[in-house]
Amino acid sequence: MNLEPHIKPDVWTMPDKGLSWCDCGKDHPLTLDIVTGFAEELRVKAQDSISHHELVELTMEVWNYESVCRFFHLVLNESAERVHGSVADSYPLGIGLDIVGYFSKTWQGCPDEDCWGED
């Protein structure tokens, strides 16, 4: 049983530890403003909260993924636990944006060969 209190990471100042979220080749950092822009495109920004389903869609949009595997969902759930303390049906919008940021700064890609695609 985990008795440690939940400590929310400072997502937007933590270093990137994962893959680059953008494929433009410039390796620019993901910021809250960028994630907010994607949320506005999906019309999520106008809401006070974001459902877990919308969180999945927003993260997929940031990463330009048309489909995702089970591992993506596992890592997104882990990100929700790190930022929010648990996976929930919905999150306050600011927390949801932070979850996308945490996921994006830690995403290492899927380890399953079936997800790699072929060139």
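**Figure 1. Ser104 and its surroundings in helix 4.** Ser104 is buried, with a relative accessible area of 4%, and in this predicted model the residue belongs to helix 4, which spans residues 93–106. Once its neighbours within four places in sequence are set aside, Ser104 is in contact with Leu19, Leu30, Val62 and Trp63. Among these partners, Leu30 is 74 residues away from Ser104 in sequence, yet the two C-alpha atoms are 7.7 Å apart in space. Ser104 also takes part in the contact between helix 2 and helix 4, on the helix 4 side, and that contact is the subject of the next view.

**Figure 2. The packing of helix 2 against helix 4.** Two packed helices are described by the angle between their axes and the distance between the axes. Helix 2, residues 52–63, and helix 4, residues 93–106, pack at an angle of about 45°, and their axes are 10 Å apart. The two helices are therefore oblique to each other, and helix 2 passes helix 4 in a right-handed crossing. From helix 2, the residues Leu55, Leu58, Thr59, Val62 and Trp63 meet Gly96, Leu97, Ile99, Val100, Phe103 and Ser104 from helix 4. Sorted by class, the residues of this contact comprise eight nonpolar and three polar ones, with no charged residue.

**Figure 3. The packing of helix 1 against helix 2.** The axes of helix 1, residues 32–41, and helix 2, residues 52–63, come within 10 Å and cross at roughly 115°. This crossing is right-handed. On the helix 1 side the contact is made by Val35, Phe38, Ala39 and Glu41, and on the helix 2 side by Leu58, Glu61 and Val62. By class, five of the residues are nonpolar and two are charged, while no polar residue takes part. Leu58 and Val62 are among the helix 2 residues listed here, and both are also listed for helix 2 in its contact with helix 4.

**Figure 4. Thr36 and Ile34 in helix 1.** Thr36 has its place in helix 1, and at 13% relative accessibility this residue counts as buried, the cut-off for that class being under 20%. Not counting residues up to four places away in sequence, Thr36 touches Lys45 and Leu97; of these two, Leu97 is a residue of helix 4 that also meets helix 2. Ile34 likewise has its place in helix 1, but at 25% relative accessibility Ile34 counts as partly exposed. With residues up to four places away in sequence left out, Ile34 touches Trp21, His28 and Pro29. The C-alpha atoms of Ile34 and Val62 are separated by 8.6 Å, although the two residues are 28 residues apart along the chain.

**Figure 5. Gln47 and Arg43 in the loop between helix 1 and strand 1.** Gln47 lies in the loop that runs between helix 1 and strand 1, the strand being residues 49–51, and at 29% relative accessibility Gln47 counts as partly exposed. Apart from residues up to four places away in sequence, Gln47 touches Glu54 and Leu93. Gln47 and Leu93 are 46 residues apart in sequence, and their C-alpha atoms are 7.2 Å apart in space. Arg43 is found in the loop between helix 1 and strand 1 as well, but Arg43 is exposed, with a relative accessible area of 68%. Although Arg43 is not a glycine, its phi is positive, at about 65°.

**Figure 6. Asn64 in the loop between helix 2 and helix 3.** Asn64 has its place in the loop between helix 2 and helix 3, the latter being residues 70–84. Asn64 is exposed, with a relative accessible area of 64%. Phi of Asn64 is near 60°, which is a positive value in a residue other than glycine.

**Figure 7. The whole chain, as context for the close-up views.** The protein chain has four helices and two strands, and, read along the sequence, these elements follow the pattern α-β-α-α-β-α. Of the 119 residues in the protein chain, 36% are buried. Among contacts with a separation of 6 or more, 64% are accounted for by residues 24 or more positions apart. The accessible surface of the protein chain comes to about 7700 Å², and 48% of this surface belongs to carbon and sulfur atoms.

Terms used
Residues numbered from 1 in each chain as written. Predicted model: local features only at pLDDT ≥ 70, side-chain atom pairs only at ≥ 80, totals over all residues. Heavy atoms only, no water. Axes fitted to C-alpha atoms, helices over the stretch in contact; angles between N-to-C directions. Parallel < 35°, antiparallel > 145°, perpendicular 65-115°, else oblique. Left-handed = near helix turned anticlockwise from the far one by under 90°. Contact = heavy atoms within 4.5 Å. Nonpolar A, V, L, I, M, F, W, Y, C, P; charged D, E, K, R; others polar. Buried < 20%, exposed > 50% of the residue type's maximum accessible area, 1.4 Å probe, protein only. Areas by Shrake-Rupley, 256 points an atom, 1.4 Å probe, with all protein chains shown as cover.
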